[in-house]
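Please find below some notes on this model, set out point by point for reading beside the sequence and the coordinates.

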Amino acid sequence: MSEDDRAVARERVIESMEQSAEVYGLSRSAGRIYGVLYFSDDPLSIPELVDQTGYAKSTISNVTRTLTRIGLIHRRSSAGGGRRVRYTAEREIWFILQDVFQQYVQREIQTTLRTIQRAQAQLPDDGETETERIEELQETYEDLQEIATLASDFTAAELRDALESYDR
């Protein structure tokens with residue numbers, strides 16, 4: 001594979017990261033900065049990120065602060081004790097997904113379950129369609145809560161081993 005082919009492949013993946021960032025409520029620039037750091041062999045400083053992305057220094061500064069806060073990138077001091085801060089990407093994607101499950105998915109599931117429980121308390125237990133559907137929805141969300149908890153508590157390999165050992 002030529003160097004040009006590698007650059008094209010890398011750019012495709014970074015563009016996908018931009019799109020994924022938007023899905024999770026981040027900016028496209030957050031996806032690009034994460035992607036550039038993900039493919040970098042060495043930690044990068046803000047000026048280096050400006051050069052590689054074309055973004056303004058203020059944009060890089062704001063985005064790196066956000067990405068650091070949510071654990072997608074890590075802030076490192078320069079070698080030899082220099083003052084320049086450098087950034088590296090978290091490459092363990094399962095760790096990132098577990099964090100997303102813990103911060104967002106489980107919170108959303110819990111909020112929905114509380115709403116369902118309030119709705120159930122307001123409806124008579126008369127076997128009507130609304131009551132049955134709300135009960136089905138509660139069971140589904142309770143299952144989702146259990147799945148989200150498992151995904152947050154175990155590594156991908158542990159989950160895969162458990163599923164493979166399960167005898168249907």
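1. I would begin with Thr-88, which is buried, since its relative accessible area is 17% and the cut-off for a buried residue is under 20%. Please bear in mind that this is a predicted model, so that the values in this note are computed from it.

2. Thr-88 is found in strand β3. Leaving aside its neighbours within four places in sequence, Thr-88 has contacts with Leu-37, Pro-43, Leu-72, Ile-73, His-74 and Arg-76.

3. Turning to the sheet, 3 strands make up an open arrangement in the order β1-β3-β2, with antiparallel pairing. Because β1 (44-45) and β2 (73-77) stand at the edges and each has a single partner strand, one side of each is left without a neighbour in the sheet.

4. The pairing of β2 with strand β3 (residues 85-89) is antiparallel and consists of 5 bridges. Within this part of the sheet, Arg-75 stands opposite Tyr-87 in β3.

5. Helix α2 lies across β1, β2 and β3, and its direction is at about 85° to that of β3.

6. Helix α2 (residues 28-39) also meets helix α3 (residues 46-53), their axes coming within 11 Å and crossing at roughly 105°. That crossing makes α2 roughly perpendicular to α3, because angles of 65 to 115 degrees are counted in that class. On the α2 side the contact is made by Arg-32, Ile-33, Val-36 and Leu-37, and on the α3 side by Leu-49, Gln-52 and Thr-53. Sorted by character, the residues of this contact comprise 4 nonpolar, 2 polar and 1 charged.

7. What is the size, in residues, of the largest nonpolar core, and which of its members have the most contacts inside it? The core has 19 residues, and those with the most contacts inside it are Ile-33, Tyr-34, Leu-37, Leu-49 and Leu-67. At least two residues of this core are supplied by each of α1 (3-23), α2, α3, α4 (57-69) and β3, while the largest share, 5 residues, comes from α2.

8. Ile-33 deserves a separate look, as it appears both in the contact of α2 with α3 and among the core residues with the most contacts. Not counting residues up to four places away in sequence, Ile-33 touches Leu-49, Thr-53, Tyr-55, Ile-60, Val-63, Thr-64 and Leu-67. Leu-37 likewise takes part in the contact of α2 with α3, is named among the core residues with the most contacts, and is one of the residues in contact with Thr-88.

Conventions:
Residues are numbered from 1 along each chain as its sequence is written. This is a predicted model: local features need pLDDT of at least 70, side-chain atom pairs count only at pLDDT 80 or more; totals for chains, interfaces and linings use all residues. Side-chain values use heavy atoms; hydrogens and water are left out. Axes are lines fitted to C-alpha atoms, for helices over the stretch in contact, and angles run from 0 to 180 degrees between N-to-C directions. Helices (H or I, at least four residues) and strands (E, at least two) are DSSP runs, numbered from the N terminus. Angles under 35 degrees count as roughly parallel, over 145 as roughly antiparallel, 65 to 115 as roughly perpendicular and the rest as oblique. Contact means heavy atoms within 4.5 Å. Ala, Val, Leu, Ile, Met, Phe, Trp, Tyr, Cys and Pro count as nonpolar, Asp, Glu, Lys and Arg as charged, and the others, Gly among them, as polar. Two strands pair if DSSP finds at least two bridges between them. Buried means under 20% relative accessible area, exposed over 50%, partly exposed in between (1.4 Å probe, protein chains only). A nonpolar core is a set of buried Ala, Val, Leu, Ile, Met, Phe, Trp, Tyr and Cys residues joined through side-chain atoms within 4.5 Å.
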